[in-house]
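Student: I have a model open and would like to learn how to read it. Could you walk me through some features?

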Amino acid sequence: MDAHKKLDLSAIATIPIIMTLANSMLIPVLPLMEKKMNISSTQASLIITVYAAVAIIFIPIAGYLSDRIGRKKVIIPSLLLAAIGGAVSGLAAWLMKDNGYWVVLLGRFIQGIGAAGAFPIVLPLVGDLFKSEEDVSSGLGLIETSNTLGKVLSPVLGSALALIVWYLPLLVIPFICLVSLFAVLFMVKEPSTAKSKGSSFRKYMKDIKTIFQREGRWLFAIFLIGGISMFVIFGFLFYLSEILEIRYRIDGIWKGLLLSIPLSAICASSFIGGKVAQGSKKRMKWMSCSGMLLLAAAMLCCAIINPDSRFVLLGLMFAAGIGVGLALPCLDALITEGIEKNQRGIITALYSSMRFIGVAGGPLFTAVLIKHDVALFYTFTGISTAAGLLALLAVKPDEEPQSQGSKLQTGESRV
């Protein structure tokens, strides 16, 4: 990998770290926010959900624009918007205290719009930067590792900041967004091939429709697997945050450290998974399938055992994290390498929308079933098993050289 490209990749990798911190950093603080703002656990979960839900709507728009005008021209203003939304939420929590809940949600709404044009555009940008599939899969492994590193740091950092003052995790979000903004602005040199000029919107959408008609089987499978992964991750993180505080009376830094254990597993296995895949689509398929089935097995053990010991619970969550970490970089690489550059933005944006649906739905669903552990974990088991079967049956890698006109074979759906 070229040294200059490594510098670009390092700057791009700040985006998933920052965007993840801006969301996951709040998870360990939610029980404290419930008390300070006098809200229910369901209302608290909406602080996470609204951020992801609004992003779902705007991600396809951002993906289309990134194909038309360039990735950086979408990412830079999006990071600025995320910083503004963070400032609104932080100032509302600080100045309005227990009357500021709805303004906090408004800020998170604005922040979600910014998030829609930041992290989802990272995937096609990495695909644009590199020519070889080995470099692309390795780069995407680093991006998922950065994404998960943000999750690992989030509970510890969020808990530490909340010890100073409970709304400080909200107030630091604008500053960390600006760090990523300047890194991308000055360090990333976007390839000119990332833009799709000279074609009408109608023709562009016709091309997208053709892609889904020809490749819809494996594309929709990867969309669903990505969404399920995020649904389960954020569901069990919300569950773990609540249980550690309610059942085990663990809060503050200690809770943050315990929450980081399963996230560390995702981080490490994402990095290893990106290296092991090395551009081999067959390995990507089997790693995705195995990862989802390992996640299902861990959730099934939680449902059957319903562990009272926090160490057993954390051990099972650690195993679940390994499974998710193995799958994510492979899913990213399959969908990025399988689509032409000038249509990559919208396709990866739709994939990111499905992931954000999982982020939005996981905490809310868990909040509703928080008192019914067995039903919750059986649900996680069922959908994780379905994701594993989708990877097994719907994703059919083809290692033959691709034709110049398309990166995917016609006829039977293949990657």
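Student: Let me begin with one residue. In which helix is S352 found?

Tutor: S352 is found in helix α14, residues 341–368. Helices here are DSSP runs of H or I with at least four residues, and strands are E runs of at least two, numbered from the N terminus. Before we go on, some ground rules: this is a predicted model, where local features need pLDDT of at least 70 and side-chain atom pairs count only at pLDDT 80 or more, while totals for chains, interfaces and linings use all residues. Residues are numbered from 1 along each chain as its sequence is written, and side-chain values use heavy atoms, with hydrogens and water left out.

Student: Is S352 buried or exposed?

Tutor: Buried means under 20% relative accessible area, exposed means over 50%, and partly exposed lies in between, using a 1.4 Å probe and protein chains only. S352 has a relative accessible area of 2%, so the residue is buried.

Student: Which residues does S352 touch?

Tutor: A contact means heavy atoms within 4.5 Å. Not counting residues up to four places away in sequence, S352 touches I59, P120 and L123.

Student: Let me try F380. Where does F380 lie, and what is F380 in contact with?

Tutor: F380 lies in helix α15, residues 373–394. Its relative accessibility is 0%, so F380 counts as buried. Leaving aside neighbours within four places in sequence, F380 is in contact with F231, V232, G235, F236, M299, F365 and T366. Contact and separation are worth reading side by side: the C-alpha atoms of F380 and I57 are separated by 25 Å, and these two residues are 323 residues apart along the chain.

Student: Now a whole helix. Which residues of α2 are buried?

Tutor: Helix α2 covers residues 30–37, and its buried residues are L30, P31, M33, E34 and M37. To see where they point, use the arc of the directions from the helix axis to the C-beta atoms. In α2 the buried residues cover an arc of only 160° around the axis, which puts them on the same side of the helix.

Student: What comes just after α2?

Tutor: Just after α2, N38 takes a positive phi of about 55°. N38 is a residue other than glycine, and is found in the loop between α2 and α3 (41–69). With a relative accessible area of 68%, N38 is exposed. You can compare N306, another residue that is not a glycine, which has a positive phi of about 45°. N306 is found in the loop between α12 and α13 (310–337), and is partly exposed, with a relative accessible area of 29%.

Student: How can I check the length of a helix, say α9?

Tutor: The expected span is 1.5 Å times one less than the number of residues. For the 15 residues of α9 that should be 21 Å, and its end C-alpha atoms are 21 Å apart, which agrees. The 16 residues of helix α5 (residues 101–116) should span 22 Å, and the end C-alpha atoms of α5 are 23 Å apart, which also agrees.

Student: Which residues of α9 are buried, and what about M187?

Tutor: The buried residues of α9 include I173, P174, I176 and C177. M187 is in α9 too, a helix of residues 173–187, but at 28% relative accessibility M187 counts as partly exposed. Outside the four-place window in sequence, M187 touches L7, D8 and A11.

Student: Last one: at what angle do α11 and α12 pack?

Tutor: Axes are lines fitted to C-alpha atoms, for helices over the stretch in contact, and angles run from 0 to 180 degrees between N-to-C directions. Helix α11 (residues 252–277) and helix α12 (residues 281–305) pack at about 150°, with their axes 9 Å apart. Angles under 35 degrees count as roughly parallel, over 145 as roughly antiparallel, 65 to 115 as roughly perpendicular and the rest as oblique. That makes α11 roughly antiparallel to α12.

Student: Which residues meet there?

Tutor: G273, V276 and A277 in α11 meet R283, M284 and M287 in α12.
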